[in-house]
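Biologist: Could you take me through this model, beginning with what you mean by a buried residue?

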Amino acid sequence: MRRLLWLVPVAAVLLIAALLVALQPSPRPVANSEPHPGSAATATTAAPGSDAPSTPTLAVSSPPTSAATPTPTPVPTGQSLGRRPSPTGSQPVPPPQASSPTVPPVLTSRPGPGVVLQSFDAGRCSTSSWRASFAIDYIATNGSSLGAVNDAGLDGVGCAARIQLNPGDERLEFHGSPSQLDGQTRYYGVALRLDPTFPLSTDTVLFQFVNTDGGGTFAPPLQMTLQQGNLQFWNYSTPSGQIDDSKQTVRYRLLWHAPAVRGVWLRFVLGVTWGNSAASGQVSLAYQGSQVLAPTHVQTLYSYSSGAPEPVYWKFGVYGGGTAPGPRIVDFGWYRVGTSAAAVTP
């Protein structure tokens, strides 16, 4: 027993030495050390699939701190937090931030209202006012007349211009001035009402478009007629493209027809691209709110002998010579010329 007592001081010394070694501070890297001139900046690269930022971080002369958790971007009020898109793009894209709001697309397919270029104002209810605004072709010696009928306008509102062409008389029509419209598109809106007594067996022109060569020769490339009880929309042309005053070479093309109805308002919207060839000219027609003739290529202007297109002007009224069993009475409540169908639709 006494032999082992000498080991106690030795063990005590060893224990004290071990404690002193354990209490010594361990070596640490130098804080705030900047990169050596010419050395690359330190970068932190995120492991694949981790949420750590991948932006390079330069070493700065500030006390070292523990790795900070990225602060999430605030979600703007009224939006929900979007999820990160997957590599295939199947997940929804994060919503836009308030600083870059989504702008609704501009609707460009909706047609605009267009511009009214000319308008027959039936609401004035004054024959003198109408005569002052529009020229009249009047070839009649048998008492044909133009009257203003109040409370008989379109849909029973306002006024209508009443044209009465008596038997033996040729025409009573309003008309515009000749204009050079080659290559331009115009729309024409018409509302007319055949009197209940209108003789449907007669041949009558209700509205038309007329070319003139300026030398006293006239011809219509387009006409709306009433023949044998039917409304008929015609296109006229010639092989030469010029007016044939003898009518020997005129080609007649019936574009549309429908039974005529008396006593109700008949509404037409005609679209015309004016051109002196079938390739450049085009026409369409809507009747009673429905398209009855899709855009169709036809020659809509005659040409001078030089090949240049002639001017054209519109006419509406009652035109038809010959014998009729009674007066032809038509009320006109609307006539407009414009740059879109919406601008002229009665």
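Modeller: Buried means under 20% relative accessible area, and Glu173, at 0% relative accessibility, is therefore counted as buried. Please keep in mind throughout that this is a predicted model.

Biologist: Where does Glu173 sit, and what does its side chain make a polar contact with?

Modeller: Glu173 belongs to strand β5, which covers residues 171-175, and its side chain makes a polar contact with the side chain of Arg171 at 2.6 Å. Leaving aside neighbours within four places in sequence, Glu173 is also in contact with Ala135, Ile136 and Asp137, with Gln208, and with Lys315, Phe316, Gly317, Val318 and Tyr319.

Biologist: OK, stepping back, how many helices and strands does the protein have?

Modeller: The secondary structure comes to 3 helices and 15 strands. Of the 346 residues, 36% count as buried, and if you take the contacts with a separation of 6 or more, residues 24 or more positions apart account for 62% of them.

Biologist: Which residues touch the most other members of the largest nonpolar core?

Modeller: That core has 48 residues, and those touching the most other members are Tyr188, Leu192, Phe209, Leu231, Phe233 and Phe268. There is also a second, separate core of 6 residues, which includes Ala219, Tyr236, Ile243 and Tyr302. As background, nonpolar side chains in soluble globular proteins tend to be buried together.

Biologist: And what is Phe268 in contact with, leaving aside its neighbours within four places in sequence?

Modeller: The list for Phe268 has Tyr188, Gly189, Val190 and Leu192, then Phe207, Met224, Leu231 and Trp256, and finally Leu285, Ala286, Tyr287 and Pro346.

Biologist: Switching to pockets, what is the volume of the largest pocket, and which residues are closest to its centre?

Modeller: The largest pocket has a volume of about 500 Å³. It is lined by 22 residues, of which Phe218, Ala219, Pro220, Gln223 and Lys247 are the closest to the centre. By class, the lining has 12 nonpolar, 4 polar and 6 charged residues.

Biologist: Which strand gives the largest share of that lining?

Modeller: The largest share, 4 residues, comes from β8, while β7 (204-212), β8 (218-227) and β14 (312-319) each supply at least two residues.

Biologist: You mentioned Lys247, so where is it placed, and is it buried or exposed?

Modeller: Lys247 is in the loop between β9 (230-237) and β10 (251-259), and it is exposed, because its relative accessible area is 53% and the cut-off for exposed is over 50%. I would also point out its backbone, since Lys247 has a positive phi of about 65 degrees although it is not a glycine.

Biologist: What is the usual sign of phi in residues other than glycine?

Modeller: Most residues other than glycine have a negative phi. Gln288 is another residue with a positive value, its phi being near 55 degrees; Gln288 lies in the loop between β12 (282-287) and β13 (290-297) and, at 39% relative accessibility, counts as partly exposed.

Biologist: Back to strand β7, what does the side chain of Asn211 reach?

Modeller: Asn211, which lies in β7 and is buried at 0% relative accessibility, has a side chain that reaches the backbone nitrogen of Tyr302 at 2.5 Å and the backbone oxygen of Pro311 at 3.1 Å. Not counting residues up to four places away in sequence, the residues that Asn211 touches include Phe218, Ala219, Ile243 and Tyr302.

Biologist: And Thr212, how far is that from Tyr302?

Modeller: Thr212 and Tyr302 are 90 residues apart in sequence and 8.5 Å apart in space, C-alpha to C-alpha. Thr212 is also placed in β7 and counts as buried at 8% relative accessibility, and a polar atom of its side chain lies 3.1 Å from the backbone nitrogen of Gly214.

Biologist: Last one, what about Arg186, buried or exposed?

Modeller: Arg186, in strand β6 (residues 185-194), has 15% relative accessibility and so counts as buried. Its side chain makes a polar contact with the side chain of Gln184 at 2.7 Å, and Arg186 and Val272, although 86 residues apart in sequence, are 5.5 Å apart from C-alpha to C-alpha.

Note on methods:
Residues numbered from 1 in each chain as written. Predicted model: local features only at pLDDT ≥ 70, side-chain atom pairs only at ≥ 80, totals over all residues. Heavy atoms only, no water. 1 Å grid on protein atoms, 1.4 Å probe; cavity = no way out; pocket = protein on both sides within 12 Å on 5 of 7 lines; lining within 4 Å. Points joined across faces, edges and corners; volume = space filled by probe spheres on them. Nonpolar A, V, L, I, M, F, W, Y, C, P; charged D, E, K, R; others polar. Core = buried A, V, L, I, M, F, W, Y, C linked by side-chain atoms within 4.5 Å. Buried < 20%, exposed > 50% of the residue type's maximum accessible area, 1.4 Å probe, protein only. Contact = heavy atoms within 4.5 Å. Polar contact = N/O pair within 3.5 Å; in protein donor to acceptor, adjacent residues only side chain to side chain.
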